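Okay, thanks for coming, everyone. Let me put the sequence and the model up on the screen, and then I'll talk through a few spots.

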Amino acid sequence: MNNLRGAKRFLLFLCACFFMCAALEARSPPLISQLGLPDGVKLRIGRGSVQSLAYSPDGKRLAVASSIGVWIYDALYGGEIALLQGHTRQVNSASYSPDGKRIVSAGNDGAVRVWDAETEALLNTLEGHISFVNSASYSPDGKRIVSAGYDGAVRVWDAETGSLLHTLKGHRYSVNSASYSPDGKRIVSASGNRTVRVWDAETGAFIKALEGHTGSVETAVYSPDGKRIATASSDGTARIWDSDTGAWLNTLEMESDRGIMLAYSPDGRHLAGGNGYMLQLWNAAYGSPLQPIFRSASNSAASSFAFSPDGHSVAAAGLGGPIYIWNIKFRARVRAFEGHTNFGAVALSPDNKHVVAADPMRTFICIYDVSAGALLEAYNMRRAVSLNYSPNGRRLVIGYRDRTVRIWEDTKQLYKLKGHTIRVSSASYSPDGKRIASASWDKTVRVWDAETGALIHTLKGHKYAVHSASYSPDSRRIASAGADGTVRIWDAETGAPLHTLTGHWTEIHSVSYSPNGKRIVSADRYGKTIIWDAETGARLRTLKGRFWAAYSPDGKMIVSGAMDTTVCVWDAETGALLKKLEGHTEHINWAAFLQDGKTLASSGFDGTILFWDISDL
């Protein structure tokens, strides 16, 4: 009878998990959070890519280190609580103090920051690393903080005062992680020089090195009883070591070099690792593989995960994807936190009502409502590197890494254009909608019939990869820009070369015409935006420090994005800087004016699209 009751309860639990997962999949996509909007931004799409996850000691909250800050979520019921912003670049790690009262975070701005976990106030900033800080965590007694940096140093800080106590030197390359032993007497650090080092936590003295990995060691962690150290490397293996003797005990084969993170379950019985596109479990004592917790349906590797304090659940996120919480025993997904993604290619619809974005790490293309920031649709497609709407807004032309250009209408693929021999860099329609120009790393621009998909011309002349190609407003010219540092003008009807514009000293990433067709603007990778006379090819003006550039609808302004994370608006006639917009935390990869002339959209490698109010210009 007891067994029967237990079976019924188990079936009821499975049914509840099934309906909960179905509800998660079927529910309407949430609006993107408006927490912590930068000055001048009226809408943000995307919450930034996930770098690390950590539960609070009571298991009620989940801290997520992202490319735009530290998100705090309610781990039990879902929903966002706060966004901690203070880092000026990507945040690589965030973790709670043992008593749950503090959060320590580390970022690419070279700082370690300490926060009040209840009030979300910034309490202290620890400065000493001279480059990216990859990880930071508390000692078991909460009195110290250890941080690991790209500068090759491990630093130990007083958690209360923020004073630097020790700098542990010995790694020759970036230190990817550092953490304390359970008794707080040792520190273990993992480095890009293929070694793991163990240090005396009190004195900072070097104790021993664990050697054997053939790739960069990304993670090194102690088992809960302190008797073992587990390490994971880009060589595709995880190793188990005796923490006292340093003896190599076991090797766990991982599916690919994507498996670069490890964590012990709280009871020490299991070891989990991001293994290819799944989260793998091993028996910690014997190293034998167990059934995976989950396999990613989004082709996004399980790059970040954390066990709940009770060991019943695990939170996991991929490289640009949602955060899922899984019940370990029943392998059931019980919660999802949406909105974390990357945006590799972005385009606005002609009516400015929608923005479409492709995540380069996942096989998804997402369409958002610009007025509300809501996700409307997500299509499962190949990895796209270029997106553009047709002039009537009914179709999308998409460039892919697989050397093809494809035309889509809704979810239906109409044509697959083949001819390029290396990946496609960009693809766009002519303003009259009759043709498509695609640029490729194969040094060519190809012109296609937009209705039939037939190849019309192959434009040859660039010496290296072509990064961008765009039509003049009258559809009679094509401007192309490439890695050879030249802009080339072509007759769109005959394919004949007309001008070669020289002035950039490095590869050019974007080129476009002014709305009246009289000017061309091009931007290179390391420092120049040049305005050209479209008819004569004469260089008219140079703007410095840009990466991406495009004209406003009235032709009076130019927007440019930079490697320094800023978006700038310039007077197109005089070249005067009108406004500098600061809010992204990583490099800008796209920017465009909306038709109203009062709004500017920009996308960065931080995984966000920001909509700026520029009505004062």
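I'll go through one hairpin and then two loop residues.

Quick housekeeping: this is a predicted model, so local features need pLDDT of at least 70, side-chain atom pairs count only at pLDDT 80 or more, and totals for chains, interfaces and linings use all residues. Residues are numbered from 1 along each chain as its sequence is written, and side-chain values use heavy atoms, with hydrogens and water left out.

So, strand E34, residues 384-389; helices (H or I, at least four residues) and strands (E, at least two) are DSSP runs, numbered from the N terminus. E34 is largely enclosed by the rest of the structure, because 5 of its 6 residues are buried. Buried here is under 20% relative accessible area, exposed is over 50%, and partly exposed is in between, with a 1.4 Å probe and protein chains only.

E34 runs antiparallel to strand E35, residues 396-400, and 5 bridges join them; strands pair if DSSP finds at least two bridges between them. Across that pairing, Leu387 stands opposite Ile398 in E35. The two strands make a hairpin with 6 residues in between, and Gly393 in the turn has a positive phi of about 75°.

Now the loops. Most residues other than glycine have a negative phi. Arg403, though, isn't a glycine and has a positive phi of about 80°. You'll find Arg403 in the loop between E35 and strand E36, 405-409, and at 43% relative accessibility it counts as partly exposed.

And Ser475? Is that one buried or exposed? Ser475 is buried, at 12% relative accessible area. Its phi is positive too, near 65°, and it lies in the loop between strands E42 (466-471) and E43 (477-482).
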